Amino acid sequence: MLNESVLVLNRSWIAIQVANAGRAITLLYQGYAKVVSPHDFSTYDFDNWKELSKTADDYYIQAVNFKIMIPEVIVLTAFNGIYRRDIKFSRRNIFERDKSTCQYCGEKFKKWELTLDHVVPRSLGGRSTWENLVLACVPCNVKKGSRLPDEAEMPLIRKPRKPRWIPYSGESFSSVRKQSWQRFVDAAYWDVELKD
Ligand SMILES: [Zn+2]
């Protein structure tokens, strides 16, 4: 039971790791985390969760004089110690910078209709950097192929560079009441630091 997997979210509700139940309950007990209900996203501190656990008939840990349910998801309440001023080079932030707009045709698209395009193609030594990755819709990406914008006669609508500031544009979390684990894992995908 102590080895059950628990998804851990940071203070921004981004999935950062999977912990075992023992670790998750320790964090909860110490006040460093709250349990997140995967159904309605309400949160519970240790005492509330202990109270709720009285009725549990499955997936709980029996302590000396109480039992506690194993949470599915917890959210950290303290700083994670990994706060950085630097803007993370991530998919999410490239989408923010380019405002979900294809940097070739200038049209706005839905997330899943956009790809990350290397301005200087990888085959020509182009790297994954703020200056060389832009959003492109699939037709533009295909049309450009492994050519330079000049060769393809597809000028960029603006020069890509590292943003100095990323405005917060996350949807209000409490308004999203869908399958939570998957959503949290998706968030981790979007937020992961890109490597060259
Ligand atoms: Zn396009």
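Strand S1 (residues 5-9) runs parallel to strand S7 (residues 73-76), and 3 bridges join the two. That pairing is a handy way into this structure, which is a predicted model. The protein has 6 helices and 9 strands, and of its 196 residues 21% count as buried. Take contacts between residues at least 6 apart in sequence: 59% of them join residues at least 24 apart.

**The sheet**

- Within the S1 and S7 pairing, Leu-9 sits opposite Val-75 of S7.
- S7 also pairs with strand S3 (residues 33-36), this time antiparallel, through 4 bridges. Here Ala-33 is the residue standing opposite Leu-76 in S7.
- Put together, 5 strands make an open sheet with mixed pairing, in the order S2-S1-S7-S3-S4. Strand S2 (15-20) and strand S4 (43-44) are at the edges with a single partner strand each, so each has one side without a neighbour in the sheet.
- S4 gets its place through S3: the two run antiparallel and are joined by 2 bridges. Look for Val-36 opposite Thr-43 in S4.
- Helix H1 packs on this sheet and touches S1, S2, S3 and S7. The direction of H1 makes about 110° with that of S2.

**Helix H1 and the core around it**

- Which residues of H1 (residues 21-29) are buried? They are Ala-21, Ala-24, Ile-25, Leu-27 and Leu-28. Looking down the axis of H1, you'll find these buried residues within an arc of 155°, so they line one face of the helix.
- As background, an α-helix has 3.6 residues a turn, so residues three or four places apart point the same way.
- Right after H1 comes Gly-31, with a positive phi near 85°.
- The largest nonpolar core counts 20 residues, and Val-6, Leu-9, Ala-24, Leu-28 and Ile-74 have the most contacts inside it. The elements giving two or more residues to this core are S1, H1, S3, strand S6 (67-69) and S7.
- Which element gives the most to this core? That's H1, with 5 residues.
- Leu-28 is a good residue to click on: beyond its neighbours within four places in sequence, Leu-28 is in contact with Ala-33, Val-35, Phe-46, Trp-49 and Ile-74.
- Another core, of 10 residues, lies apart from the one H1 contributes to; among its members are Ile-94, Leu-114, Ala-136 and Cys-137.
- In general terms, nonpolar side chains in soluble globular proteins tend to be buried together.

**Helix H3 and its partners**

- The buried residues of H3 are Ile-94, Arg-97 and Asp-98. Around the axis they cover an arc of only 85°, which puts them on the same side of H3.
- What do the buried residues of H3 pack against? Their partners are S8 and strand S9 (133-137).
- H3 is followed by Lys-99, which has a positive phi, near 55°.

**The loop between H3 and S8**

- Lys-99 belongs to the loop between H3 and S8. Is Lys-99 buried or exposed? Lys-99 is exposed, because its count is 11 other C-beta atoms within 10 Å and a residue with 12 or fewer is classed that way.
- Lys-99 has a positive phi of about 55° despite not being a glycine.
- Ser-100 is found in the loop between H3 and S8 as well. Ser-100 likewise isn't a glycine, yet has a positive phi of about 55°.
- Why give these two angles a second look? Most residues other than glycine have a negative phi.
- With 15 other C-beta atoms within 10 Å, Ser-100 comes out as partly exposed.
- Further along, Glu-107 has its place in the loop between helix H3 (91-98) and strand S8 (114-118). Glu-107 counts as partly exposed, with 14 C-beta neighbours inside 10 Å.
- Not counting residues up to four places away in sequence, Glu-107 touches Thr-101, Cys-102 and Cys-137.
- How many residues apart in sequence are Glu-107 and Cys-137? They are 30 residues apart, and their C-alpha atoms are 8.3 Å apart in space. Cys-137 is also one of the residues of the 10-residue core.

Terms used. Residues are numbered from 1 along each chain as its sequence is written. This is a predicted model: local features need pLDDT of at least 70, side-chain atom pairs count only at pLDDT 80 or more; totals for chains, interfaces and linings use all residues. The arc is that of the directions from the helix axis to the C-beta atoms. Two strands pair if DSSP finds at least two bridges between them. Two residues are in contact if their C-beta atoms, placed from the backbone, lie within 7 Å. Axes are lines fitted to C-alpha atoms, for helices over the stretch in contact, and angles run from 0 to 180 degrees between N-to-C directions. A nonpolar core is a set of buried Ala, Val, Leu, Ile, Met, Phe, Trp, Tyr and Cys residues joined through C-beta atoms within 7 Å.
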